[in-house]
Amino acid sequence: MRKLIAIGSLSYLLIGLAMVLTGAVLEPVIAHYGLDYKMGSLWITDQFVGYMIGVLAAPLLTSRIGKRSTLVIAFGCLTVAEAAYSMLLPWSLMLVIAPLAGIGFGAAEAIVGATIIELSEENKKASNMATLEVFFGVGALIMPIGAAYLIHMGVWQVTFPVLTAISGITMLLWLTLSFGKADDQIGWQSRTEASAEPAKQSESESALGSSKQALAHGEKRKYDRKVYPFLLFGMLFFLAYVGMEMSFSNYLPSFLMQRTGAEETSAASILSVFWLFMVIGRLFVGRIADRIGFPVYLILSAASTVAVLAVSALTMSFSGLVIWTCLAGLTMSGMFAVGLVYVNSRSTAGMTERTTSLMVAAGGIGGALFPRISGWLMDSYGTTATMWSIACMAVFMVAVFLLMVLAGKRLKAS
């Protein structure tokens with residue numbers, strides 16, 4: 001299991017790097033191709049479309065060809081896309097390639113996360129998932145810093161071959177490494193091949209083998225109707241959380257510049273501080289959540305986030321906003337990972353991949369939708385209104401989570 005968590009952590013590090021790459025090098029890309037921001041943003045949008053396709057297609061692919069085969073394909077897609085980026089092809093081709101990169105890290109995020117949740121011991125699920133999120137945060141933290149240095153040196157395009165190499169190595173590790181007992185559950189086989197083996201066993205062994213392989217390969221199942229309300233509230237929770245986090249982080253430098261008069265470089269550096277405290281928080285959230293329980297941890301984190309964002313909206317000093325930003329990083333740090341574990345603990349057995357994909361996809365929609373709304377509010381009503389709107393998103397998240405907990409209790413009682 002340690003080897004699986006190690007390569008899973010490497011995978012999440014790569015996903016964090018790849019997700020923020022386009023934003024980190026958008027300025028020099030726009031300058032290189034002579035674009036405006038509207039056209040340049042299409043690159044990010046196309047990659048996001050691919051991300052959604054990858055997340056939603058992951059359960060279907062793993063049910064047919066197995067987890068490892070799908071992961072090799074996913075990281076292969078990302079490797080090919082980053083290699084193509086490295087050649088700085090004509091802009092029309094860059095836009096065509098962008099969805100391929102999104103498909104790669106979208107499918108990989110859903111599958112790796114679901115695999116770790118499914119195979120971890122019950123009292124280590126949150127800790128192991130938090131470990132993955134730590135490495136995702138490290139990737140999201142170091143990419144803007146590394147890209148800024150390369151931009152300053154005039155070699156920003158080096159970011160693409162570096163990611164090509166990391167992605168290619170990750171693909172080869174998934175292709176070649178053995179994970180011991182976990183190999184049977186991760187699986188290479190298609191559903192047809194898997195079902196052929198138990199037929200050679202005795203009738204009782206066949207039934208048992210088929211059941212295990214159904215879980216291992218994501219055999220097509222259906223949700224119990226009673227779980228639908230819980231899943232709906234879970235999707236709304238992730239939509240609100242990711243939308244809130246991305247709105248806050250994307251516009252944090254603007255908040256600091258407009259409210260306190262901070263310089264652009266100082267304001268931008270605080271974004272790295274936010275991600276640093278996200279990483280620090282994720283080092284501890286798994287153990288805390290396992291001890292006090294997932295619902296208790298999530299409600300405390302969500303309520304604390306509401307308080308921090310509300311106080312931030314009332315604060316006008318640079319030092320004060322920096323303090324609240326650090327606290328926001330801590331309070332938000334574990335909600336995604338612990339939320340995924342909690343939703344899967346109450347969902348239908350054997351549906352981990354599909355459930356994880358639904359939650360990640362809902363979060364992706366929130367991450368695309370709410371920052372756009374926040375941008376419109378910034379243009380139309382200013383910083384204060386935008387900051388209060390983000391705090392209201394957090395309030396909505398708390399309300400939805402309470403409804404999710406009630407729906408979860410009903411599931412447990414039934």
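**Helix packing and a nonpolar surface patch**

In this predicted model, helix H5 (residues 91-119) packs with helix H6 (residues 125-153) at an angle of about 155 degrees. Their axes lie 8 Å apart. Angles over 145 degrees count as roughly antiparallel, so H5 is roughly antiparallel to H6. The crossing of the two helices, H5 and H6, is right-handed.

The loop between helix H4 (67-86) and H5 contains leucine 88. The phi angle of leucine 88 is near 45 degrees. This is a positive value in a residue other than glycine. Leucine 88 has a relative accessibility of 22% and therefore counts as partly exposed. The partly exposed class runs between the buried limit of under 20% and the exposed limit of over 50%.

A nonpolar patch of about 910 Å² occurs on the surface. Its members are Leu276, Ile280, Leu283, Phe284, Ile288, Ile292, Val296, Leu300, Ile323, Leu327 and Leu330. The elements that each give two or more residues to the patch are helix H12 (264-292), helix H13 (294-314) and helix H14 (318-332). H12 gives the most, with six residues.

Leucine 327, one of the patch residues, lies in helix H14. Its relative accessibility is 32%, so leucine 327 counts as partly exposed. Patch residues need over 30% relative accessible area, and leucine 327, at 32%, is therefore above that cut-off.

Technical notes. Residues numbered from 1 in each chain as written. Predicted model: local features only at pLDDT ≥ 70, side-chain atom pairs only at ≥ 80, totals over all residues. Heavy atoms only, no water. Patch = residues over 30% accessible without salt bridge, like charges linked within 9 Å, V, L, I, M, F, W, Y side chains within 5 Å. Areas by Shrake-Rupley, 256 points an atom, 1.4 Å probe, with all protein chains shown as cover. Salt bridge = Lys/Arg side-chain N within 4 Å of Asp/Glu carboxyl O. Helix = DSSP H or I, 4+ residues; strand = E, 2+ residues; numbered from the N terminus. Buried < 20%, exposed > 50% of the residue type's maximum accessible area, 1.4 Å probe, protein only. Axes fitted to C-alpha atoms, helices over the stretch in contact; angles between N-to-C directions. Parallel < 35°, antiparallel > 145°, perpendicular 65-115°, else oblique. Left-handed = near helix turned anticlockwise from the far one by under 90°.
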